[in-house]
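Visitor: I've got a model open and some time to look around. Can you walk me through the inside of it?
Guide: Sure, let's put it up.

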Amino acid sequence: MLPTHVQLVDVGPRDGLQNEAQPVAAAHKIELVHRLQAAGLKQIEVTSFVSPKWVPQMGDNTEVMAGIQRQPGVRYSVLTPNMKGFEGALAAQADEVVIFAAASEAFSQRNINCSIAESIERFRPVAQAARQHGLRVRAAVSCALGCPYEGDIAIDKVVDVARRLQGIGSHHIGIADTIGVGTAGRVSQVMEATLKHVPLAELSGHFHDTYGQALTNIHACLQLGIHTFDASIAGLGGCPYAKGATGNVATEDVVYLLHGLGIHTGLDLDALVDAGAYISGVLGRPPASRVAKALLAKRANA
């Protein structure tokens with residue numbers, strides 16, 4: 001039995017744009033958020049409160065959060081790697097903070113220069129402070145399907161990190177295929193093992209499409225009843241650890257799949273295509289979404 005309704009979290013404004021080499025103006029980011037919420041999205045990952053030294057593209061976080069015309073029922077989340085970031089998120093009136101830990105020791109050391117255990121302890125005060133202030137805490141387990149340094153990751157390691165993130169106060173756990181190497185069988189195994197410890201309503205999938213498997217992996221999750229997924233408008237975002245990676249699965253492609261399965265999303269696909277075309281135009285390249293390319297070509301020929 002597939003779920004009747006799926007909730008999508010669009011991570012394009014944050015995860016999608018953070019690695020762009022060219023500066024993207026705050027006004028364009030704000031307009032993108034407005035277009036996403038107009039298309040029906042209720043969860044949008046807007047920005048990150050990190051040092052602009054490390055992620056210069058997100059240096060306008062306060063300006064972007066202040067510029068959004070918020071809609072009732074929409075949750076605006078931000079990535080917060082430490083307490084300084086949390087204080088910025090709190091001041092910007094974020095609804096949810098996002099934290100993360102890798103399932104790979106090598107990735108954790110190379111990405112944030114500490115062990116998995118140390119990274120989770122760093123996030124403990126962030127999670128506690130968020131809960132005290134009434135903010136939701138969403139946690140991601142990165143490299144859950146594979147690591148660029150370690151290769152395959154044992155399922156029990158993924159489950160262990162998910163449980164630790166639960167233990168520090170996370171409301172939600174996302175299983176992330178950071179470099180896009182997962183396949184449906186392995187994804188099912190990882191999700192089934194995680195579901196023994198994380199309630200169905202509190203588990204989601206985050207898939208990159210490096211090997212063209214993201215939609216297949218989402219379908220495998222749907223068959224387990226999982227009904228929350230991250231996606232990125234126009235397929236924004238690459239992965240610096242996987243050469244040739246196409247980045248996050250495109251929101252438009254996921255919605256086309258879900259609507260084809262008769263699953264309700266509350267999203268307007270045409271409006272999403274417009275949003276993707278808008279930000280792709282800003283970036284000076286076509287959208288990575290195959291559905292967007294097909295529908296834009298169909299419009300042009302109409």
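Visitor: Which residues have the most contacts inside the largest nonpolar core?
Guide: First, a caution: this is a predicted model. The residues with the most contacts inside that core are Leu8, Val141, Leu165, Ile173, Ile175, Phe229 and Ile279. The core has 93 residues.

Visitor: Take Ile173. What does isoleucine 173 touch?
Guide: Leaving aside residues up to four places away in sequence, Ile173 touches Ala139, Val141, Ala162, Leu165, Gln166, Val198, Glu202, Leu203 and Ser204. Two of those names, Val141 and Leu165, are also on the list of residues with the most contacts in the core.

Visitor: Any general background on that?
Guide: In soluble globular proteins, nonpolar side chains tend to be buried together.

Visitor: Switching to rings. How many aromatic pairs are there?
Guide: The count comes to two. One joins Phe100 and Phe123: the ring centres are 5.3 Å apart and the planes sit at 65 degrees, so the pair is edge-to-face.

Visitor: Where do phenylalanine 100 and phenylalanine 123 lie?
Guide: Phe100 is in strand β4, residues 96-102, and Phe123 is in helix α6, residues 116-132. The pair therefore ties together parts that are 23 residues apart in sequence.

Visitor: Is Phe100 buried or exposed? And Phe123, buried or exposed?
Guide: Phe100 is buried, at 18% relative accessible area. The cut-off is under 20%. Phe123 also counts as buried, at 2%.

Visitor: Which residues form the tilted pair?
Guide: Phe107 and Tyr149. Their rings are 6.4 Å centre to centre, with 35 degrees between the planes. Phe107 lies in helix α5, and Tyr149 in the loop between β5 (136-142) and α7 (155-167), so this pair ties together parts that are 42 residues apart in sequence.

Visitor: What about exposure there?
Guide: Phe107 counts as buried, at 3% relative accessibility. Tyr149 is partly exposed, with a relative accessible area of 32%.

Visitor: On to empty space. How many cavities of 30 Å³ or more are there?
Guide: One. It holds about 30 Å³ of space. Its lining is Phe100, Ala101, Ala102, Phe107, Ser108, Asn111, Ile112 and Ser142.

Visitor: Which elements give two or more residues to that cavity lining?
Guide: β4 and α5. α5 gives the most, with four residues. By class the lining has five nonpolar, three polar and no charged residues.

Visitor: Now the open spaces. What volume does the largest pocket have?
Guide: About 1,300 Å³. It is lined by 47 residues, and the closest to its centre are Arg14, Gln18, Leu79, Phe100 and Asn111. Phe100 and Asn111 also line the cavity.

Visitor: Which helix supplies the largest share of the lining of the largest pocket?
Guide: Helix α5, residues 105-112, with five residues. The lining as a whole has 19 nonpolar, 20 polar and eight charged residues.

Visitor: And the second largest pocket, how much space lies in it?
Guide: About 330 Å³. It has 18 lining residues, with Asp209, Gly212, Leu215, Asp253 and Arg290 nearest its centre.

Visitor: Which helices each supply at least two residues there?
Guide: α9 (214-222), α10 (251-260) and α12 (290-301) each do. The lining divides into eight nonpolar, seven polar and three charged residues.

Visitor: Where should I look again to tie this together?
Guide: Try Phe100. It is in the edge-to-face pair, it lines the cavity, and it is among the residues closest to the centre of the largest pocket.

Key
Residues are numbered from 1 along each chain as its sequence is written. This is a predicted model: local features need pLDDT of at least 70, side-chain atom pairs count only at pLDDT 80 or more; totals for chains, interfaces and linings use all residues. Side-chain values use heavy atoms; hydrogens and water are left out. On a 1 Å grid over the protein atoms alone, a cavity is a set of points where a 1.4 Å probe fits but cannot get out, and a pocket is an open set with protein on both sides within 12 Å along at least five of seven lines; lining residues have an atom within 4 Å of a point. Grid points are joined across faces, edges and corners, and a volume is the space filled by probe spheres set on the points. Ala, Val, Leu, Ile, Met, Phe, Trp, Tyr, Cys and Pro count as nonpolar, Asp, Glu, Lys and Arg as charged, and the others, Gly among them, as polar. A nonpolar core is a set of buried Ala, Val, Leu, Ile, Met, Phe, Trp, Tyr and Cys residues joined through side-chain atoms within 4.5 Å. Buried means under 20% relative accessible area, exposed over 50%, partly exposed in between (1.4 Å probe, protein chains only). Contact means heavy atoms within 4.5 Å. Rings of Phe, Tyr and Trp (its six-membered ring) pair if their centres lie within 6.5 Å; planes under 30 degrees apart count as stacked, over 60 as edge-to-face and the rest as tilted.
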